[in-house]
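Work through the exercises below with the sequence and the coordinates open. Each task is followed by a solution in steps.

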Amino acid sequence: MPLPTGFTVVLDRRTEVLDDGRVLLGGFPTRLLRLTARAQALFEGRTLRVTGRAGALLADRLLDAGLAHPLVTSLPEPRDARHTFVVPVRDRPRELDRLLTSIGPGHEVIVVDDASHRPASVAAVAAEHGARLLALSVNAGPAGARNAGLRLVRTPYAVFVDSDVVLPPETVPVLLRHFADPRVAMAVPRITGLETAASANWIGRYESVRSSLDLGRHPAAVRPAGSVSWASTACTVVRVDALRDGFDARMRVGEDVDLCWRLFADGRRVRYEPTVEAAHEHRVEVADWLLRKAVYGTGAHPLAERHPQHIAPAVFAPWSAVMVGALLAQRRWSVPVAGIVFAGAGLRIARKLDGVRQRHRLALRLTAMGSVAALTQTSALLTRHWWPAAAVGCVASRRIRRAVAVAAVADVVLEHRRDRAALDLLRYGVARRLDDLAYGAGVWLSALRGRSTAALRPRIVRRSGTPGEGR
């Protein structure tokens with residue numbers, strides 16, 4: 001189904017308009033889109049409003065490429081906006097009461113008690129708020145509990161929200177607007193940290209800026225290898241008829257990533273909308289926090305089995321892999337070889353920009369951006385995904401020790417500055433490294449259990465980079 005008349009998109013903040021509007025450059029991965037005169041005329045500044053078939057096709061293409069995002073404030077609410085809240089919970093009556101209070105009266109709510117140890121407490125809270133209670137006799141995990149609740153939903157939309165979340169009143173109405181796009185199957189808000197007395201400690205302050213669930217300040221299409229490659233279902237609105245069998249109940253962790261990627265494979269869209277939020281009570285006790293990070297890592301192998309093409313911890317272009325390899329060798333020839341590879345990549349990119357003004361300067365900038373991305377991924381491999389192997393290597397090799405030290409220090413300094421954390425550099429750095437150690441341990445544990453290195457292997461991808469044309 002095409003995008004409806006009146007649907008409005010705005011170019012992404014990183015999308016560049018070149019050559020007097022004839023060329024768009026942006027997206028993730030970066031791509032070039034040449035616009036015909038007819039396509040250029042559809043824009044008003046950086047905004048395109050669908051008024052006919054041509055506009056609908058171009059807007060659809062911009063969304064697919066990540067060059068633009070829906071202007072959510074201009075989108076209408078669905079004609080039938082009825083929705084049902086599905087809340088999986090195991091014990092946590094206090095948190096459940098807090099969530100249901102934030103949802104407020106007048107909503108359909110299904111509380112799925114996932115075999116609580118004290119079910120009477122959960123039942124009492126559900127009854128107090130007028131919620132329907134579904135009590136499971138056997139613990140099914142988050143995915144299975146959500147599926148059980150989903151089977152009872154009779155409205156067009158379901159809102160999955162975890163019990164340790166507080167939901168502002170504007171979040172769901174704004175997310176529902178995204179369903180004006182008939183391809184959207186799921187929309188998610190930004191997950192921020194809930195301020196509590198416990199969250200004021202140093203782990204809580206770190207989590208407030210580096211939570212695994214917080215996907216940042218900017219809107220995005222959720223897609224594999226995109227700027228936002230997955231989204232948490234701690235709070236999400238879904239189109240019920242698009243979910244088919246729902247979550248994979250066999251997965252106790254990573255079920256949200258799996259769902260996002262399955263929807264993408266079905267040709268559906270998942271939208272990340274950071275203008276609205278859901279406040280999540282993060283784990284802030286050190287042992288509990290480390291365990292949760294490790295548990296996140298254990299989802300790597302199950303995801304590798306289901307989505308082998310998407311699970312790589314790093315993705316390199318051939319030229320960037322050679323450049324990084326040369327620099328890691330730390331030989332006399334390393335910098336000259338890296339420079340030659342950089343120059344060759346720049347010239348190749350410049351050829352693809354044929355006809356674009358100042359193409360060599362633009363190619364130089366794009367090559368530099370690709371180099372930074374490759375070095376950033378290499379740093380993450382050494383300090384996060386591959387740290388057990390890197391630690392062994394440090395014992396045997398001075399070059400590996402140097403590479404790991406540079407990666408660990410540079411990562412902390414740059415990320416601390418970017419995050420503007422209310423935490424001194426030392427404690428931020430300790431939390432950052434503990435975060436990586438715990439997650440990486442979980443990844444390696446899952447790989448050992450699965451007897452496979454699939455979740456640890458980076459991918460080298462040759463992208464055609466063929467410039468597109470918008471008509």
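**Exercise 1. Find the backbone atom that pairs with the side chain of D19, and describe the surroundings of D19.**

Solution. Step 1: in this predicted model, a polar atom of the D19 side chain lies 3.2 Å from the backbone nitrogen of R357.
Step 2: set aside residues up to four places away in sequence; D19 then touches G355, V356 and R357.
Step 3: place D19 in the chain. It sits in the loop between β2 (16-18) and β3 (23-26).
Step 4: classify D19. Its relative accessibility is 9%, and the limit for buried is under 20%, so D19 counts as buried.
Step 5: take a distance to I110. The C-alpha atoms of D19 and I110 are 54 Å apart, with the two positions 91 residues apart in sequence.

**Exercise 2. Determine the backbone and exposure state of D20 and of R92, and the peptide bond that precedes P29.**

Solution. Step 1: D20 is not a glycine, yet its phi is positive, near 60 degrees. D20 is in the loop between β2 and β3.
Step 2: the relative accessible area of D20 is 60%; exposed means over 50%, so D20 is exposed.
Step 3: R92 also has a positive phi without being a glycine, at about 55 degrees. The residue is in the loop between β8 (83-89) and α3 (93-103).
Step 4: R92 has a relative accessible area of 31%, which makes it partly exposed.
Step 5: the F28 to P29 peptide bond is cis, with omega near 0 degrees. P29 belongs to the loop between β3 and β4 (31-35).

**Exercise 3. Which acidic side chains pair with R269, and where do they lie in the chain?**

Solution. Step 1: locate R269, which is in strand β16. At a relative accessible area of 7%, R269 is buried.
Step 2: list its contacts beyond four places in sequence: L3, D60, L63, D64, D181, R183, V184, A185 and M186.
Step 3: test D60. Its side chain forms a salt bridge with R269, N to O 2.8 Å. This pair links distant parts of the chain, since D60 is in helix α2 (residues 53-65) and the two residues are 209 apart.
Step 4: test D181. A salt bridge of 2.7 Å, N to O, joins its side chain to that of R269. D181 is in the loop between α6 (171-177) and β13, 88 residues from R269. D181 is buried, with a relative accessible area of 2%.
Step 5: test D64. Its side chain makes a polar contact of 3.1 Å with the side chain of R269.

**Exercise 4. How many salt bridges are there, and which residues join into one network?**

Solution. Step 1: the count is 34 salt bridges.
Step 2: one of the pairs is R190 with D214, where the closest N and O atoms are 2.8 Å apart. R190 is in strand β13 and D214 in the loop between α7 (202-210) and β14 (220-221), 24 residues apart. Both R190 and D214 are buried.
Step 3: follow shared partners. Salt bridges of this kind join E207, K293, R384, D411, R432, R433, D435 and D436 into one network.

**Exercise 5. Describe the largest nonpolar core and the elements that supply it.**

Solution. Step 1: this core has 39 residues, and the members touching the most others are V112, F160, M186, V222, V238, C260 and L263.
Step 2: at least two residues each come from β9 (108-114), α5 (141-150), β11 (157-161), β13 (184-193), α8 (255-265), β16 (269-280), α10 (300-306) and α16 (425-450). The largest share, five residues, is that of α8.
Step 3: take V238 as an example. Beyond four places in sequence it is in contact with P156, Y157, A158, F160, F179, A185, M186 and L243.
Step 4: another core of 33 residues lies apart from this one; its members include A126, L167, I191 and V237.

**Exercise 6. Which residues make the nonpolar surface patch of about 250 Å²?**

Solution. Step 1: the patch is made by L327, V335 and L375.
Step 2: L375 is in helix α13 (residues 359-385). With a relative accessible area of 40%, L375 is partly exposed.

Definitions and conventions: Residues are numbered from 1 along each chain as its sequence is written. This is a predicted model: local features need pLDDT of at least 70, side-chain atom pairs count only at pLDDT 80 or more; totals for chains, interfaces and linings use all residues. Side-chain values use heavy atoms; hydrogens and water are left out. A nonpolar core is a set of buried Ala, Val, Leu, Ile, Met, Phe, Trp, Tyr and Cys residues joined through side-chain atoms within 4.5 Å. Buried means under 20% relative accessible area, exposed over 50%, partly exposed in between (1.4 Å probe, protein chains only). Helices (H or I, at least four residues) and strands (E, at least two) are DSSP runs, numbered from the N terminus. Contact means heavy atoms within 4.5 Å. A polar contact is a pair of N or O atoms within 3.5 Å; within protein, one must be able to donate a hydrogen and the other to accept it, and residues adjacent in sequence count only if both atoms are side-chain atoms. A salt bridge is a side-chain nitrogen of Lys or Arg within 4 Å of a carboxyl oxygen of Asp or Glu. Patches are made of residues with over 30% relative accessible area and no salt bridge: like charges are joined within 9 Å, nonpolar side chains (Val, Leu, Ile, Met, Phe, Trp, Tyr) within 5 Å. Accessible areas come from the Shrake-Rupley method with a 1.4 Å probe; for residues, only the protein chains shown count as cover.
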